[in-house]
Amino acid sequence: MTVATLTPPTLGYGDLSPLIRLMSGDEKHEPSAHSTLDVLWVLYDRILDVAPDRAHDPARDRFVLSKGHGPMAYFAILAAKGFLPVDTLETFTDADSPLGTHPDRLLIPGVEASSGSLGHGLPLSIGMALGLHAQGFGNSRIVCLVGDAELDEGSNHEAIAVARAFGLDALTVVVIDNDSATHGWPGGIANRFAVEGWATADVYGRDHEQLTAELSVHHAGRPNVVVAHVESPGEAIE
Amino acid sequence: MSVAIKSTETMRERFGAVTTELLDRDDSVALVLADISADQFRPVAARHPDRAFNVGIREQLLVSVGGGLALTGLRPIVHTYAPFLVERAFEQVKLDLGHQDVGAVLVSIGASHDRADSGRTHQAPGDVALIGTLPRWTVHVPGHPDEAEALLRSSVADSGRVYLRLSERANTRSHVGRRGRAVRIRSGDAGTVVAVGPMLDPVLDATRDLDVTVLYAATVRPFDAPALRSALGEPNVVLVEPYLAGTSTQAVTDGLRDTPHRRLALGVHDAELHRYGTADDHDRAHGLDAAGLRRDITRFLEPAP
């Protein structure tokens, strides 16, 4: 049985590698090369209250992939969880495919925000958190994934300060830190959020139990950030 | 409210009063500020802290928060000075509203050289041209507080993307017509002058004894080309816009594609003046006072030698 004939939700973490190969066409491209893979899997498998048949439920959780680059892991997980037909993955970047190198919310069910240009997802997530709270959906979580290099964009820092000022405890930011920011973050990324009053945690971004534990915590009255450390692009990966 | 008070009320003040009323009445309306006009909205923001936000001096976030609110189904009104709203946050306008395909009502103040004494940093005569590069935006340029009110109300009741450009300059009379439609103010045979927003009074003054049709437009995107076609007699068209000259030239050209015509586009010149002074000083410098308009329009309408 090939992966394409499997039916969600029977697909599991172990199927992600062949799903990604449907897009990459690269037999050697291991899932560990995808910095976001484990965080995304834990979010969709254990954390987010989302489902394909609830794509328009206003009370659903929201996931925003701000770092829209390299979205194959995201698309593989959306397929594994039934948001996309598995065979759609094979159309990746075709002219009439819903899947390109940056996700488009108008083309993919379950994608909450289109992304690609860096530094937009977190500011949008602030507005989404405010909007859900105003309409009585304050229990819906907003989880926004950014990259450590993406934090170079100043728009993020406008958002980090205001999220605490507005007490957005429905908001969680996951920073995938693969040490790719050109000038680095002396003192650590978590400190950038901590001085603004965020709850912070540093975890190994491949450890599903650690990720689950930190992504499950709720901090009343303030947003939280989970910095998920993974291998830097230059490091050898087994 | 007495008529006397109302007649001296600015578009900005009317925007404050009407937005306050809309926030009080309709719980789907939200307001996002970046410090500008925050004092004006303090009472209503205190009544509705869950729908009225001041993000501080953060214009990228201002527009993105509008986009996020719209993604959850609210109708955001997003407000600051024109250069910060349209130019500084342009990619947010393009992506966090347009590309996400959500709506908002962007309300600017400080039109063109309203703030002449502040210099170039507070002036954005290219704002309508910039918004015009983005698909599916409606652009309103009211010429009177009553028009600003009507356009604000209809824009908030709608769901699309709207740029509402308020000015400290205003005409003495309001011409509230059907939303989006140009209004024929008077008729003549030598040509058609299209006056946009606050340019109507100077145009009427400049052309008072000229044999021209004057069309008035408070909405320029989409441009009311059918009204121009039906008003057109002698095919001489003068476009008078209170922002960058030629901003709507393409719209006129497209609207008259089957009609050979001559065209003159008047507006703010693209040269930076590096001058302070008043808005009247800058109007004169750009030929947008009645005398300058009269000079250019008369020359254009003179028969070719």
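This dialogue reads the sheet and the domain contact of chain B in a predicted model.

User: In what order do the strands of the open sheet in chain B lie, and what kind of pairing does the sheet have?

Analyst: A sheet is read by following neighbours from one edge to the other. In chain B the open sheet has 7 strands in the order β2-β1-β3-β4-β6-β5-β10, with mixed pairing. Because β2 (52–54) and β10 (219–221) of chain B each have a single partner strand, they stand at the edges, and one side of each is left without a neighbour in the sheet. From one strand to the next the twist averages 20°.

User: How many bridges join β1(B) to β2(B), and which helices pack on the sheet there?

Analyst: Strand β1 (residues 29–33) of chain B runs parallel to β2(B) and is joined to it by 3 bridges, with Val32(B) opposite Phe53(B) in β2(B). Helix α2 (residues 11–25) of chain B packs on the sheet, where it touches β1, β2, β3 and β4 of chain B, and its direction makes about 135° with that of β1(B). Helix α3 (residues 38–47) of chain B also packs on the sheet, touching β1 and β2 of chain B, at about 140° to the direction of β2(B).

User: Which domains does the assignment give for chain B, and how many residues of each are in contact?

Analyst: Such a contact is read from the bounds, then from the residues on each side. The domain assignment gives domain 1 (3–165) and domain 2 (183–301) of chain B, and 23 residues of domain 1 are in contact with 20 residues of domain 2 in that chain. On the side of domain 1 of chain B that touches domain 2, β5(B) gives the most, with 4 residues, and the residues of that side divide into 10 nonpolar, 8 polar and 5 charged.

How values were computed:
Residues are numbered from 1 along each chain as its sequence is written. Chains are lettered from A and ligands numbered from 1 in the order in which they are written. This is a predicted model: local features need pLDDT of at least 70, side-chain atom pairs count only at pLDDT 80 or more; totals for chains, interfaces and linings use all residues. Two strands pair if DSSP finds at least two bridges between them. Helices (H or I, at least four residues) and strands (E, at least two) are DSSP runs, numbered from the N terminus. Axes are lines fitted to C-alpha atoms, for helices over the stretch in contact, and angles run from 0 to 180 degrees between N-to-C directions. Two residues are in contact if their C-beta atoms, placed from the backbone, lie within 7 Å. Domain bounds come from an automatic or database domain assignment. Ala, Val, Leu, Ile, Met, Phe, Trp, Tyr, Cys and Pro count as nonpolar, Asp, Glu, Lys and Arg as charged, and the others, Gly among them, as polar.
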